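Hi everyone, thanks for coming. Let me put the structure up on the screen, and then I'll walk you through it.

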Amino acid sequence: MNELIEKMVPRFPVNKKDSLLGMLQEIQKAHGFLTEELIREVAQYLHLPVNKIYGLATFYDQFRFHALGKYHFQICNGTSCHLSESSINIKDLENQLYTKDGGISRDRKFSLESVSCMGSCEQGPVVKINATVFTNVSPDELNRIIRSLKDKTE
Amino acid sequence: MSVLDSIQTKDFLIEKILKNYSGIFDKGTGEQLALIKREKVIHPVLYLGMGTCGIVSGADKTYMAIQKYLNDNNLEAEVVKTGCLGFCSAEPLLDIQLPGKARISYQHVTQEKVEDLLNAVFHHTLIPENILGQHRFASHEEWPGVDFIDQHPFFAQQHRNVLHNTGLISPWSIDDYLARGGYKSLFKTVLNYTPDKVCEIIEQSELRGRGGGGYATGKKWRNALDTGSDQKFLVCNAEESDPGVFLNRAFIEGDPHRVLEGIAIASYAIGANSAYIHIRYNHEQSLMIMENAIAQAKEYGILGENIFASGFNLNLFIRKGAGAFVCGEETSLIASMESQRGTPQTKPPYPTEKGLFGHPTVVNNVETLANVPAILENGPTWFRSIGTNGSKGTKVISLAGKATRKGFVEVPMGIPISNIVFDIAGGISDGKPLKAVQIGGPFGICIPPKGLSAEIGYESLQEIGASLGLCGLTLLDEDICMVSLSKYFMKLLHKESCGKCIPCREGTHRMLEILEGITKRPKEESSHETLERFKGVVQLENLAEVIHDTSLCGLGKNAPNPVLSSLKWFRDEFEEHIFDRKCRAGVCNDLRSFFIDVDICNGCNVCQKKCPETAIIGAIRMPHFIVESKCTGCGICFDSCKFNAIYYK
Ligand SMILES: Cc1cc2nc3c(=O)[nH]c(=O)nc-3n(C[C@H](O)[C@H](O)[C@H](O)COP(=O)(O)O)c2cc1C
């Protein structure tokens with residue numbers, strides 16, 4: 001058995017009907033994203049069909065099947081942020097980050113995701129890059145941030 | 001009187017305060033309590049708002065600046081991290097309380113302001129800028145010339161019952177809650193009342209669910225109590241995935257123990273020994289605070305086995321929601337807790353008969369449960385005295401959009417919407433005219449200014465076609481396009497439709513197509529498409545009716561609301577889009593045509609580089625030109641031009 005799953009065994013007993021969601025959440029937390037292999041392992045452990053687990057994981061917003069970029073952009077798509085004057089043009093952003101909403105750029109540097117309300121409606125538009133939250137972001141400012149991230153070589 | 005250590009504080013609060021029925025105590029106890037409640041302080045106390053909104057506004061940097069200031073100046077002071085007071089647009093909020101003096105609130109305290117501000121306050125003078133007001137307290141000396149916070153327009157019309165402690169106490173400390181009489185109702189309930197009696201009290205109070213449905217809470221509890229089963233569950237619904245609403249987060253981040261007390265009382269009333277709190281995975285601050293609160297309550301013996309030696313056991317678990325809008329609906333919520341896809345079930349059987357794992361389950365909203373402790377403390381008659389005929393008590397409302405003052409407020413039911421919009425929120429910022437108020441999130445409606453005399457309440461809102469829902473008000477000004485807004489909500493509902501029933505899955509898709517059709521660029525359109533567009537518009541209302549009548553759950557039933565209400569009140573705007581192909585607010589990209597003013601353009605070439613469609617041509621240092629047939633109207637060039645040489649019609 002995969003050691004990641006082995007570690008979870010005491011907390012998620014096989015016979016509990018509701019172990020699955022919690023397990024997937026923990027796996028994603030530890031591994032960053034879900035893979036086919038991990039899903040197979042969980043299926044084996046919980047005696048569930050793989051397609052059921054896949055069906056569950058694709059239903060919810062939380063789960064993803066690819067790693068995050070070095071810089072993970074989360075764009076708030078709540079009502080307030082959507083309506084704010086300088087609301088962010090997601091198409092423009094996709095072009096600049098070389099990725100699609102919910103995807104990752106080829107060089108694995110940027111990933112982009114539009115999310116539902118982040119609870120800071122008075123400060124919109126809100127953009128979260130990794131753990132840093134930027135508020136009242138204007139398109140200009142966002143361009144500046146992206147440029148500085150692109151220039152960063154490591 | 002000396003300050004107690006933490007173990008003494010715990011014993012003191014439980015033995016002398018919580019278990020004190022009469023509420024009367026001797027002088028020594030009173031003084032000790034005043035110390036714990038920080039009514040009397042020995043050192044200065046600084047209260048910093050550290051809810052989600054505060055942190056986003058930079059409160060953690062302010063916190064560091066405060067710590068640095070205190071260290072550098074060798075000052076002894078307590079810094080308390082509170083939740084949000086509700087006035088989110090004034091964050092970061094810093095309150096300062098000097099010994100013997102009134103607590104004074106400062107708004108917009110960013111890190112660079114800390115030093116000057118504290119310098120002044122510690123020398124008993126005040127910097128007049130950024131003062132929000134001072135808190136009223138009898139034995140505190142007032143600051144001269146400073147208004148009281150309860151006279152501030154944002155607070156003057158509020159009736160803070162659920163939000164009584166929010167923003168004033170530390171959500172990380174159970175002591176703060178206990179010292180203010182917390183958990184007394186639970187103590188009284190489990191020792192003195194039968195579950196039947198608790199249901200009766202809640203029934204008498206006429207409390208109704210705050211999560212959307214408005215079902216009578218007492219009746220719901222009674223149904224669960226009367227269903228025979230060896231296992232019952234209580235679920236606290238804090239999913240809150242409405243975009244633009246942040247109330248449930250606010251309760252949990254401001255006063256988590258009030259929610260826990262409500263949960264414990266409700267569990268007792270229905271005979272449940274396990275309770276769950278369902279919080280969405282990305283509400284990180286709420287999750288942390290709730291975990292901490294539960295651990296503290298267990299440590300104090302308020303949750304767990306044999307609570308207050310009454311024989312009542314309660315185990316509480318947090319469930320992290322994996323994020324799906326439809327999981328706010330109670331049957332989907334239960335499915336998601338059972339690790340299924342979150343799709344709704346037909347009712348009946350109602351969850352109170354057959355819910356989580358097949359056992360009777362009561363699902364209640366956070367705000368509903370947070371109302372419970374005060375009802376048991378003050379009695380059902382007190383609760384009934386607030387509000388209107390069908391809607392008792394208060395309602396917490398979030399204010400967002402283009403409002404001058406944003407945040408969340410608690411008002412008595414029956415208050416006209418106009419009072420909230422103009423008095424509390426201060427209308428649209430910069431004095432612009434108000435176009436409409438969106439109420440109730442994605443299922444809600446847009447009300448034009450002339451409809452704002454409607455009152456907050458279940459029936460009164462139903463009359464105008466809205467529902468109370470989680471009750472977020474979003475203020476809209478002239479820059480908002482109603483068609484685009486309807487499209488935004490429809491897009492959200494289309495994405496979040498779980499796909500189980502066809503009217504909702506296909507209906508929302510079709511409605512979205514129609515709305516996209518009328519906001520799409522006319523040039524690319526063949527005559528067949530034009531015909532389709534007109535047909536679609538004719539069908540829109542018909543389609544809405546079918547979706548409403550045949551969908552399984554509230555999501556589908558209410559999905560057409562935003563479109564229908566906008567069609568009713570703002571029909572001319574829709575017609576303008578359809579017939580004149582014009583968007584008066586300039587929001588619908590595709591209906592805009594961009595042009596470059598040759599007199600201003602200096603040929604800097606920025607727009608040409610940025611244009612994703614290569615629709616801009618021109619040599620460097622020469623005025624550029626937009627090829628109309630290639631332009632998609634995305635507006636990127638407009639945003640990127642530093643010389644305002646680009647305009648649209
Ligand atoms: C699509 C949909 C979303 C909902 N979202 C929520 C929600 O986020 N929070 C909530 O408390 N109730 C929500 N509800 C209402 C719940 O189904 C349920 O009525 C409520 O949690 C019951 O609690 P109450 O009686 O305390 O209001 C939603 C309903 C629907 C149809």
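I'll talk about the ligand site and then about two of the domains in chain B. Please keep in mind that this is a predicted model.

Let's begin at the ligand. It is surrounded by 18 residues, and the closest of them are Gly211(B), Lys220(B), Asn364(B), Asn365(B) and Thr368(B). If you sort the shell by class, you get nine polar, five charged and four nonpolar residues. Strand S10 (361-365) and helix H22 (554-558) of chain B each bring at least two residues to that shell, and S10(B) gives the most, with three.

Now, what about backbone atoms? A backbone N or O atom of Gly211(B) sits 2.7 Å from a ligand oxygen. Polar backbone atoms of two other residues also face a ligand oxygen: Glu240(B) at 3.1 Å and Arg210(B) at 3.2 Å. On its own the ligand has 610 Å² of accessible area, and the protein covers 92% of that.

Let's move on to the domains. The assignment for chain B includes domain 3 (394-477) and domain 4 (482-580). Their C-alpha centres are 24 Å apart. Where they meet, 13 residues of domain 3 of chain B are in contact with 15 residues of domain 4 of chain B. Together these two domains bury about 1,200 Å², with 73% of it on carbon and sulfur atoms. And which three residues supply the most of the area that domain 3 of chain B buries against domain 4 of chain B? They are Pro442(B), Phe443(B) and Cys446(B), which supply 47% of it.

That's my tour, thanks for listening!

Definitions and conventions: Residues numbered from 1 in each chain as written. Chains lettered and ligands numbered in written order. Predicted model: local features only at pLDDT ≥ 70, side-chain atom pairs only at ≥ 80, totals over all residues. Heavy atoms only, no water. Near = heavy atom within 4 Å. Polar contact = N/O pair within 3.5 Å; in protein donor to acceptor, adjacent residues only side chain to side chain. Areas by Shrake-Rupley, 256 points an atom, 1.4 Å probe, with all protein chains shown as cover. Helix = DSSP H or I, 4+ residues; strand = E, 2+ residues; numbered from the N terminus. Nonpolar A, V, L, I, M, F, W, Y, C, P; charged D, E, K, R; others polar. Domains from an automatic or database assignment. Contact = heavy atoms within 4.5 Å. Buried area = accessible area lost by both parts, 1.4 Å probe.
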